[in-house]
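Let's take a friendly walk through a protein model, looking at how strands pair and how domains meet. Have a look at the picture first.

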Amino acid sequence: MIILSKYKLIPDKVNGNKRRVKSEEKSICPICLSEALKVIGSRNRSAINSKGENLIIVIRRLKCRFCKKIHHELPDILVPYKRYLSKCIEAILDGQGDRISCENSSIYRLNQWFKGIGIHIKRSLASTATRMNVKIKSGGEPILKAIKAYVGEAPGWLARVVRIVINTNNWVHTRYAFMA
Ligand SMILES: [Zn+2]
């Protein structure tokens, strides 16, 4: 998987809720860092916005010519394996879930998910910062504050986190892994 931060969402002429992703950056294979990626198709990804409306995002499937791995190219409005848009999840994690048209059970689940993955995210950000020789002072608790020390508090922090962790191949799919 690859997360894009520079792209355009082109509305579909027939379906008003459908958007095609037009990348404006050069994607790099997160496994072998090769730039030789070939588009081999696309697929529809559904997403829910803050009003509870369903959107369809058409994302590209890329194949690395070098390591042969297949990657989906996600715009940073999405979080891998999550149905809500990144900014909705961000609002929920910031304790502003009342602004989102969302079931309480979804709010609970997303908070649980983040509780499970938080330490892993913080460690991934810390190791990326070390590799890039960036010194950041980040405390241990609360985990959300520690994570924001790496990516800043400004809106879009979750999108920045996801981009770094995915594009360095550090994401883990936690549907079951961290659930008690
Ligand atoms: Zn590769």
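Which residue in β5 is the bridge partner of R19? In β5, that partner is I57. Keep in mind as you look that this is a predicted model.

**How the strands pair**

R19 and I57 give us a way into the pairing of β3 with strand β5. These two strands run in the parallel sense, with three bridges between them. β3 also pairs with strand β2, this time in the antiparallel sense and over five bridges. Here you can look for L9, whose bridge partner in β3 is V21. To follow the chain from β2 to β3, trace the hairpin of six residues that joins them.

The table puts the two pairings side by side.

| Strands | Residues | Sense | Bridges |
|---|---|---|---|
| β2 and β3 | 7-11 and 18-23 | antiparallel | five bridges |
| β3 and β5 | 18-23 and 54-64 | parallel | three bridges |

**How the domains meet**

Now zoom out. The domain assignment divides the protein into domain 1 (1-77) and domain 2 (79-180). Their C-alpha centres are 20 Å apart. Where they touch, domain 1 supplies 16 residues and domain 2 supplies 18 residues.

On the side of domain 1 that touches domain 2, the elements giving two or more residues are β1 (2-4) and β4 (37-48). β4 gives the most to this side, with three residues. By character, the residues on this side of domain 1 are nine nonpolar, five polar and two charged.

Technical notes: Residues numbered from 1 in each chain as written. Predicted model: local features only at pLDDT ≥ 70, side-chain atom pairs only at ≥ 80, totals over all residues. Domains from an automatic or database assignment. Contact = placed C-beta atoms within 7 Å. Helix = DSSP H or I, 4+ residues; strand = E, 2+ residues; numbered from the N terminus. Nonpolar A, V, L, I, M, F, W, Y, C, P; charged D, E, K, R; others polar. Pairing = 2+ DSSP bridges.
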